[in-house]
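Let's walk through this model together, contact by contact. Keep the viewer open and follow along.

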There are 2 protein chains.
Amino acid sequence: MITLKDIGRIAGCDISTASRVLNGKPCRVSEEMRDRIHETARQLEYLPNRTASSLANGNTRTVGVLIPNVFDGVYAEYLERLETGFTAAGYAVRPFICHNRPEKENAALDSLLRNEVDAMIAMYYSFDCRDRYERISRSRQPLIFRCVNEIEELPFDTVRMDLTEGYGVLASHLADMGCKRIAVVGGSVASLLACGGNSIPLGYFRAACKARGIAVGPECGIVSGDGQDEAYEAVSRLCKGKSAPPFDGMIVQSTNRVFGVCKALLDAGFRIPETVKAATFSDLSVCRYSPIPVTVWAQPVEEICRALTEATLARLEHPDSPPRKMEFQSTLIIRKSTNPERNA
Amino acid sequence: MITLKDIGRIAGCDISTASRVLNGKPCRVSEEMRDRIHETARQLEYLPNRTASSLANGNTRTVGVLIPNVFDGVYAEYLERLETGFTAAGYAVRPFICHNRPEKENAALDSLLRNEVDAMIAMYYSFDCRDRYERISRSRQPLIFRCVNEIEELPFDTVRMDLTEGYGVLASHLADMGCKRIAVVGGSVASLLACGGNSIPLGYFRAACKARGIAVGPECGIVSGDGQDEAYEAVSRLCKGKSAPPFDGMIVQSTNRVFGVCKALLDAGFRIPETVKAATFSDLSVCRYSPIPVTVWAQPVEEICRALTEATLARLEHPDSPPRKMEFQSTLIIRKSTNPERNA
DNA sequence: GTGAAAGCGCTAACAG
DNA sequence: CTGTTAGCGCTTTCAC
């Protein structure tokens, strides 16, 4: 490995001079010296050791993105957009894929605490990691939240979106389209429903159903793992041997499950949208381009990313400004999977 | 930030003792000392600064993954599987999303050269970055290639897969299913075809077509950007005003385009698979669960990831062992998009 | 203009 | 058993 020492030795100057020149520091160095340094750096193919510079100057010009997975297309999209935005601002992005596992989330947060990244954007968070979040809030390091519920009292910048409201909007829409029995397919939300529990999204769901006179019971929660295969299995099991579908409206928690759900219904001999209707969250391109395009509660990914990027950069610039709270609205995009009249 | 100095001061010992204890170094330290150190570390919520340890001991326990994007589901899958494998082995994974941009690829490779990661797995590479690859080969740092063509003379561990052969296999399959005019929709491959050029995948494609008596001309290359929207546009443009499809077989370069292609055909009034058949690469779950399941040339992602992980760990352990060359076979999975008799 | 020197936080060889 | 010391490669004052 070529170090500053090498280039100093060869160019015939001190390493501090070499450092100054190569970092373009505003100081008066003779033309010849400067050229000589640049030249030998070029010849030796010198690459500064970032670990060492990070240690010396206490920053990394890297922002972390804490994300549950990239297998769900919407997170892939978030990640790529953030990448683009931060690259433009001279920051690298370092994804931390946490798979909903608290120990990984903790590890990611530790990276911030250890100054491995200058800031962290949390695209989700779990309650189990509260300690770390509080600690980060005490340490006053830049943490920016994308959140779906009110993030309680933590003094972070937050970009809030109305995902949970979507359960109400989609339920109302399905009811408007004539559905009488609506199920929720997914993980956490569905399993709370199945066991008679409550939560913010379920509150919206139940209120919407109640307003339209639709009964909601634990059987409306269809629990499945995150993936088309698991969703297919879960719904197939439910349809087995039935001549009519057990539900005529399905709210599916993620794009990662919606095609499994639809295929299970089709394979069971039911028709979408005539007999059963299905809707989901996040407007991924597959939802638009599937042979049966899917109705979605669409979060404005691009704007959210802009807000996240901007908030992060602002926080980095002004560590002591008061926390910003931003909100974003989703839109209902109606497609064929819930409306026979749509061609798309 | 709490440092070793703090814990040494409070526990009443030298920082080196604290370092030894906290790293579980095999050395004889008195029980009380050890306990005191652990205790104060716990109380102060000490987190070692990884930048500093990396600098001091010259490794990061991190492996980089150079990847074109995560928006294409197959790369998302690669990334998540590698994540899992390396986490189990005690290594962190750091994705470098390069968007097919040489400057980003160079930056990723520089991270290896600068020892920001202990090893790098290149999921693809571009010719423009040859310099860096040669330099890495000289520096003898661990770089593992996943490649689709013979990687020339560079002495790296390689995991080769037969993606290019897929163009031949899919063409033969489409011909067997009765196709007479086969198009290739995509980026590089399609545009070379469109301008009459040649390449390894095109070689396979042309040979297969020739063997079945199918004519191939520049019009068979349908160029589109990476995404369903672009693919939809490109194919729609081609179909506009036509009562019969211009092609009866489509080989689509990526899952990221195949739904756009299919929807364009459907919207133009053509039927899949009756009038036009379509096939692609990578067996993503959306291909299985789309209302019209898609025929694919399926790379064995799981095995490849296992091989990549293992090769990387082996290389890290034995930096001087001779380079390993591994090969993996894909399989043709025939589904409804090319075969009317399939239900899936 | 340029060099000497201290220091970022941690590790590891060497003493004692 | 534990402390002293010398780095890792770079940045940044402060002198000359």
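In this predicted model, a side-chain N or O atom of T17(B) sits 3.0 Å from a phosphate oxygen of DNA strand D. That is a polar contact, meaning a pair of N or O atoms within 3.5 Å; within protein, one must be able to donate a hydrogen and the other to accept it, and residues adjacent in sequence count only if both atoms are side-chain atoms. S19(A) does something of the kind: an N or O atom in its side chain is 2.8 Å from a phosphate oxygen of DNA strand D. With A52(A) it is the backbone that takes part, a polar backbone atom lying 3.4 Å from a base nitrogen of DNA strand D.

Zoom out a little and you'll find 25 residues surrounding DNA strand D, the closest being L4(A), Y46(A), D14(B), R28(B) and V29(B). Here a residue is near a strand if one of its heavy atoms lies within 4 Å of it. Of the atoms of DNA strand D that come within 4 Å of the protein, 59% belong to sugar and phosphate. At least two residues of this surface come from each of α2 and α4 of chain A and α2 and α4 of chain B, and α2(A) gives the largest share, with four residues. Those labels follow DSSP runs numbered from the N terminus, with helices being H or I of at least four residues and strands E of at least two. Sorted by class, the surface near DNA strand D has 11 nonpolar, nine polar and five charged residues; Ala, Val, Leu, Ile, Met, Phe, Trp, Tyr, Cys and Pro count as nonpolar, Asp, Glu, Lys and Arg as charged, and the others, Gly among them, as polar.

A quick note on bookkeeping: residues are numbered from 1 along each chain as its sequence is written, while chains are lettered from A and ligands numbered from 1 in the order in which they are written. As this is a predicted model, local features need pLDDT of at least 70, and side-chain atom pairs count only at pLDDT 80 or more, whereas totals for chains, interfaces and linings use all residues; side-chain values use heavy atoms, with hydrogens and water left out.

Now for the other strand. DNA strand C is surrounded by 26 residues, and R20(A), R28(A), V29(A), L4(B) and Y46(B) are the closest. Sugar and phosphate make up 63% of the atoms of DNA strand C that come within 4 Å of the protein. R20(A) reaches a base: one of its polar side-chain atoms lies 2.7 Å from a base oxygen of DNA strand C. The side chain of Y46(B) has an N or O atom 2.6 Å from a phosphate oxygen of DNA strand C, and a polar side-chain atom of N23(B) lies 3.2 Å from a phosphate oxygen of that strand. Two or more residues of the surface near DNA strand C come from α2 and α4 (50-57) of chain A, along with α2 (15-22) and α4 (50-57) of chain B. By class, that surface has 11 nonpolar, 10 polar and five charged residues.

How are the two protein chains related? A turn of 180° and a shift of 0.0 Å along the axis lay chain A on chain B with an RMSD of 0.1 Å, so the copies are related as by a two-fold rotation axis. The superposition is by least squares on the C-alpha atoms of residues with pLDDT of at least 70 in both. Also, 100% of the interface residues of chain A are interface residues in chain B too, so the copies meet through the same surface.

Back to α2(A), which packs against α3 (residues 31-43) of chain A at about 85°, with the axes 10 Å apart. Axes are lines fitted to C-alpha atoms, for helices over the stretch in contact, and angles run from 0 to 180 degrees between N-to-C directions. The two helices are therefore roughly perpendicular, a label for 65 to 115 degrees; under 35 counts as roughly parallel, over 145 as roughly antiparallel and the rest as oblique. T17(A), A18(A), V21(A) and L22(A) of α2(A) are in contact (heavy atoms within 4.5 Å) with M33(A), R34(A), I37(A), H38(A) and A41(A) of α3(A).

Last, the backbone. Most residues other than glycine have a negative phi, and most peptide bonds are trans. I272(A) and P273(A), though, are joined by a cis peptide bond with omega of about 5°, and P273(A) lies in the loop between α12 (255-267) and β9 (277-281) of chain A. N100(A) has a positive phi, near 55°, in the loop between β2 (92-97) and α6 (102-113) of chain A.
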